[in-house]
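Work through the exercises below with the sequence and the model side by side. Each task is followed by a solution in steps.

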Amino acid sequence: MSDRKPYAPTNAEWSGLVDGLCMHCARFGGCDVIDGMIEMKDGGEWPSGGWVTDPGAAVTCLSYQPKPGQTLSRQRLRRAMRQAVPMCEGCAARKGSDASRSLHTQRDFAESVRARAQFNCHAEGNEGKPCGGWCQAVRRQLIGRSS
C-alpha cells in the first residue's frame with residue numbers, strides 16, 4: 001500500500017466519495033467500511049480496507065468490488081468490437097496512465113474483461129463508446145480460450 005495512504009475525507013467530500021466509491025461497489029449495503037469511515041471521522045482509527053489515496057483517482061476504497069456487468073452475447077460483443085474507439089492516452093489498458101494506476105478503475109476493467117461486459121471509454125468525445133483497450137484485452141482472452 002506504499003502509493004496508497006489512509007484517507008480522512010473532509011465533511012464537504014463525504015457525499016461525493018460515497019456516490020463515487022460506495023454506490024458502484026458490489027458490497028454496498030453489506031459493507032462495514034462505511035461505518036468504519038464514519039467512526040474515523042468521529043475520532044476513531046482508520047478501518048482496515050477503508051478509503052485511501054490513489055495515484056490514479058485521488059481516493060479509492062481498498063474493499064471495492066465491482067458490480068458484475070452484463071455479459072455481452074456474441075452478436076453484441078462483435079458489434080462492440082466494431083464500434084470501439086482506438087485506445088486513448090488515458091486508457092485503463094495503457095501502462096502508466098492514471099486509469100491504469102487507479103485501483104478502482106483497474107478492478108472495474110478486469111471484471112469487464114473477465115465477464116465480457118462492455119467497458120466504455122472515458123475520454124472526452126468518446127464517453128460511452130466501447131474502449132479500445134478493453135476490446136484488445138477481450139480478444140486476447142478469447143484467443144487464449146480457443147488455444
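**Exercise 1: an arginine and its surroundings**

Task: Find the helix that holds Arg-79, and state which patch on the surface Arg-79 belongs to.

Solution. The model is a predicted one. Step one: Arg-79 sits in helix H3, which covers residues 74-83. Step two: the relative accessible area of Arg-79 is 34%. Buried means under 20% and exposed means over 50%, so a value in between counts as partly exposed. Arg-79 is therefore partly exposed. Step three: Arg-79 gathers with Arg-74, Arg-76, Arg-78 and Arg-82 in a surface patch of positive charge.

**Exercise 2: a patch of negative charge**

Task: Name the residues that form the patch of negative charge on the surface, and place Asp-35 in its helix.

Solution. Step one: the patch consists of Asp-32, Asp-35, Glu-39 and Asp-42. Step two: Asp-35 belongs to helix H2, residues 33-41. Step three: with a relative accessible area of 43%, Asp-35 is partly exposed. Step four turns to the charges of the whole protein. There are 20 positive and 15 negative charges, and their mean positions lie 17 Å apart.

**Exercise 3: a histidine**

Task: Decide whether His-104 is buried or exposed, and list its contacts beyond four places in sequence.

Solution. Step one: His-104 is part of helix H5, which spans residues 103-115. Step two: its relative accessible area is 12%. The cut-off for buried is under 20%, so His-104 is buried, with its 12%. Step three: once neighbours within four places in sequence are set aside, His-104 touches Gly-20, Leu-21, Thr-60 and Tyr-64.

**Exercise 4: the whole protein**

Task: Describe the secondary structure of the protein, its extent and its surface.

Solution. Step one: count the elements, which are six helices and two strands. Step two: put them in sequence order, which gives α-α-β-β-α-α-α-α. Step three: along the principal axes, the C-alpha atoms occupy a box of roughly 55 × 30 × 30 Å. Step four: of the 147 residues, 37% are buried. Step five: the accessible surface is about 8,700 Å², and carbon and sulfur atoms supply 49% of that area. Step six: take the contacts with a separation of 6 or more. Among these contacts, 61% join residues 24 or more positions apart.

Conventions. Residues numbered from 1 in each chain as written. Predicted model: local features only at pLDDT ≥ 70, side-chain atom pairs only at ≥ 80, totals over all residues. Heavy atoms only, no water. Patch = residues over 30% accessible without salt bridge, like charges linked within 9 Å, V, L, I, M, F, W, Y side chains within 5 Å. Areas by Shrake-Rupley, 256 points an atom, 1.4 Å probe, with all protein chains shown as cover. Salt bridge = Lys/Arg side-chain N within 4 Å of Asp/Glu carboxyl O. Lys, Arg positive; Asp, Glu negative; His and termini not counted. Charge placed at Lys NZ, Arg CZ, Asp CG, Glu CD. Helix = DSSP H or I, 4+ residues; strand = E, 2+ residues; numbered from the N terminus. Buried < 20%, exposed > 50% of the residue type's maximum accessible area, 1.4 Å probe, protein only. Contact = heavy atoms within 4.5 Å.
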